[in-house]
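Trainee: I'd like to learn how to read a protein model. Could you walk me through some features, one by one?

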Amino acid sequence: MRDTGVDAGGQIDCRVFNKREYRKIAAAMDGYDLVLIGANSGDLGTLVELTGHPTFAVVKRGPALRPWRHRKSGEDWNPLLSPSDYADLLEGLRRGSQLSLDFLIMLGLAAVVASMGLLQDSTAVVIGSMLLAPLMTPMLGCGLALAQANPKLGNAALRSVGIGLALTLVISLLMGFLTPGAELTPEIFARGDPNILDLVVAAASGAAAAYASARPNLIGSIAGVAVATALVPPLCSAGISLAYFDITNARGAALLFTTNFVAIVLCAAATFRILGIRTARTGSRQRRWVVGTVAAMAIAGLVLLVPLQLALLKGLLQGKPQPNYYPLSRAVMNALEDYVEDDPDVEIFDAGRPSSPFHPADVVLVLGAPHDLDKDYADALIKIVRREMRNQKLKVEVHLIREMWQVTSP
């Protein structure tokens, strides 16, 4: 009634009943003159026998909801999805899966926020972008489409995901070109090396998102699911990595997003089926579409297991990388390198901001030379750092290593 724009005006009463409560339904219907009932309900004959007053009209509508189980055991603590909750779920995911201007604006702003957070190495900003991004809704729409055998909804949701993916990549690529730095930040590198644990997180988060979206009392948990399963940050990491010409990290970030997408859609579809969402009758075309889509995504999931498992084993053997220093900007490094170039025997071994909050210095420079350097040389480097970083109060440490000989492995 809301979709058609009909004003009830006190003359129309829309009500949802449990299918098994025939006498309760009949008693309520006796107080009305006209009752509209779906053609697929199969209860028209029973209701006509139990009622005496109203006139019934049959309405052609979509396939009815059919529970996946008929026994009543356990329904007190884990009930099936009620018809009213099912209607709200279907309407919400159907609208949220459609490509719209609101969807593109929110996703574009989330991509900007995520890119800035990644470039600044700010975890808080990256988390904020996860809450802004509306990309989870069309993914749940894909899962609902598989559970409901609804190719139209699935294609619409997949179209939104695809265009949203392209938009996020373009924005992050531009952000990477507009804000050049010396190297990628640890936040970006963290999303370029996924393993099988990320697949487990995505699977659990997809099931949790589907379950919470179907239960009105749990809708507040969606925000936590958005944080647990990062969708926009991996795409932004891939775009920024491409801008910095780091193809390896971009490939890893793209692998993380693909892992999240496959796990979320499949686990959301399975959760919706467990909650009782399926159609009473489906055609052969719909069944072929569901089987083909699920098979393709399952094969993709199995293929993803190989690099994810290898990444986990590599992490266990080598350990998690933790930088000692955060990189300086390209402007600072260029100024330092220009000064050092005047002496061919001097080389900058390391330069950056200490990652430990307990380090006494703000910036650390490590130089190598075959001979001692005057203190004036260090003072000149300190002045360059303070000038380029526009802070005369910076605490800068300069270390000199006497380089006697060096061996590089082949």
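Mentor: Sure, let's start with a pair of helices. Helix 11 passes helix 12 in a left-handed crossing. Keep in mind as we go that this is a predicted model.

Trainee: How do people describe two packed helices?

Mentor: Two packed helices are described by the angle between their axes and the distance between the axes. Here, helix 11 (residues 232-243) and helix 12 (residues 247-274) have axes 8 Å apart and pack at an angle of about 160 degrees. That angle makes helix 11 roughly antiparallel to helix 12, because angles over 145 degrees count that way.

Trainee: Okay, let's zoom in on one residue. Is valine 232 buried or exposed?

Mentor: Valine 232, which lies in helix 11, is buried, at 1% relative accessibility. The cut-off for buried is under 20%. There's also a sequence-versus-space point to notice: valine 232 and leucine 135 are 97 residues apart in sequence, yet their C-alpha atoms are 7.7 Å apart in space.

Trainee: Now salt bridges. How many does the structure hold?

Mentor: It holds four salt bridges. One of them joins arginine 191 to glutamate 187, where the closest N and O atoms are 2.8 Å apart. Both ends are buried: arginine 191 has 13% relative accessibility, and glutamate 187 has 12%.

Trainee: What about the bridge between aspartate 379 and lysine 375? How far apart are the two residues in helix 15?

Mentor: They are four residues apart in helix 15 (residues 375-389), so about one helical turn separates them. Their side chains meet in a salt bridge at 3.3 Å, N to O. Lysine 375 is exposed at 62% relative accessibility, while aspartate 379 is partly exposed at 25%.

Trainee: Which residue does arginine 387 form a salt bridge with?

Mentor: Its partner is glutamate 388, and the closest N and O atoms are 3.2 Å apart. Arginine 387 is partly exposed, with a relative accessible area of 48%, and glutamate 388 is partly exposed too, at 29%.

Trainee: Last one: which residues make the nonpolar surface patch?

Mentor: Leu101, Ile105, Met106, Leu109 and Leu132 make that patch, and its area is about 450 Å². Helix 4 (residues 101-119) supplies the largest share, four residues. Take isoleucine 105, which sits in helix 4: its relative accessible area is 42%, so it counts as partly exposed. A residue needs over 30% to join a patch, and isoleucine 105 has its 42%.

Notes:
Residues numbered from 1 in each chain as written. Predicted model: local features only at pLDDT ≥ 70, side-chain atom pairs only at ≥ 80, totals over all residues. Heavy atoms only, no water. Patch = residues over 30% accessible without salt bridge, like charges linked within 9 Å, V, L, I, M, F, W, Y side chains within 5 Å. Areas by Shrake-Rupley, 256 points an atom, 1.4 Å probe, with all protein chains shown as cover. Buried < 20%, exposed > 50% of the residue type's maximum accessible area, 1.4 Å probe, protein only. Axes fitted to C-alpha atoms, helices over the stretch in contact; angles between N-to-C directions. Parallel < 35°, antiparallel > 145°, perpendicular 65-115°, else oblique. Left-handed = near helix turned anticlockwise from the far one by under 90°.
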